[in-house]
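Work through the exercises below with the sequence and the model side by side, and try each task before reading its solution.

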Amino acid sequence: DETRLFQHTSAEQRSSLKRQFKSVFTNITSLVDCVNCQRCRLHAKLYTLGLGSALKILLTPPELIAQSTSRDEIVALVNTLWKLSESME
C-alpha cells in the first residue's frame, strides 16, 4: 500500500523529497544526452520521465495530482508501466 510509504512525512519533507528526486532524475537525463543512439536516448528519457512521474504522483497530495500532472507525464507513465509489465512476462 503506497499510502504507508510516506505516511509519517510532513508536507515540508515531501517537498524536500520531490526536489531531491527531481535533481537525481535531471542528472540521469543529462547523462543520457551523452548516448549516441537516438533511439536509445529516446527510450531512456521516456522511461526516466515515467518513473519520475510515478514518484511525483506518490508525493503529491491527491487533490493536486490532476492539476500538477502534464499529458506528457501521463503518456510516459503508461509507457513505462507497459514496458515493466512486458518484462515480467
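Accessible areas here come from the Shrake-Rupley method with a 1.4 Å probe. The model is a predicted one.

**Exercise 1.** Describe the protein chain as a whole, beginning with its elements and ending with its surface.

Solution. Begin with the elements: the protein chain has four helices and zero strands, and from the N terminus on they run α-α-α-α. Next, take the extent of the C-alpha trace, which spans about 40 × 30 × 25 Å along its principal axes. Then turn to the surface, where the accessible area of the protein chain comes to about 6800 Å², with 60% of this belonging to carbon and sulfur atoms. Of the 89 residues in the protein chain, buried residues make up 15%.

**Exercise 2.** Decide whether Thr48 is buried or exposed, and list its surroundings.

Solution. First locate Thr48, which is found in helix α2, residues 38–59. Its relative accessibility is 10%, and because buried means under 20%, Thr48 counts as buried. Next, follow the side chain of Thr48, which reaches the backbone oxygen of Ala44 at 2.7 Å. Finally, leaving aside neighbours within four places in sequence, Thr48 is in contact with Phe25, Ile28 and Thr29.

**Exercise 3.** Decide whether Val78 is buried or exposed, and relate Val78 to Gln67 in sequence and in space.

Solution. Val78 is found in helix α4, which covers residues 71–88. Since exposed means over 50% and the relative accessibility of Val78 is 52%, Val78 counts as exposed. As the last step, compare positions: Val78 and Gln67 are 11 residues apart in sequence and, C-alpha to C-alpha, 18 Å apart in space.

Notes: Residues are numbered from 1 along each chain as its sequence is written. This is a predicted model: local features need pLDDT of at least 70, side-chain atom pairs count only at pLDDT 80 or more; totals for chains, interfaces and linings use all residues. Side-chain values use heavy atoms; hydrogens and water are left out. Helices (H or I, at least four residues) and strands (E, at least two) are DSSP runs, numbered from the N terminus. Buried means under 20% relative accessible area, exposed over 50%, partly exposed in between (1.4 Å probe, protein chains only). A polar contact is a pair of N or O atoms within 3.5 Å; within protein, one must be able to donate a hydrogen and the other to accept it, and residues adjacent in sequence count only if both atoms are side-chain atoms. Contact means heavy atoms within 4.5 Å.
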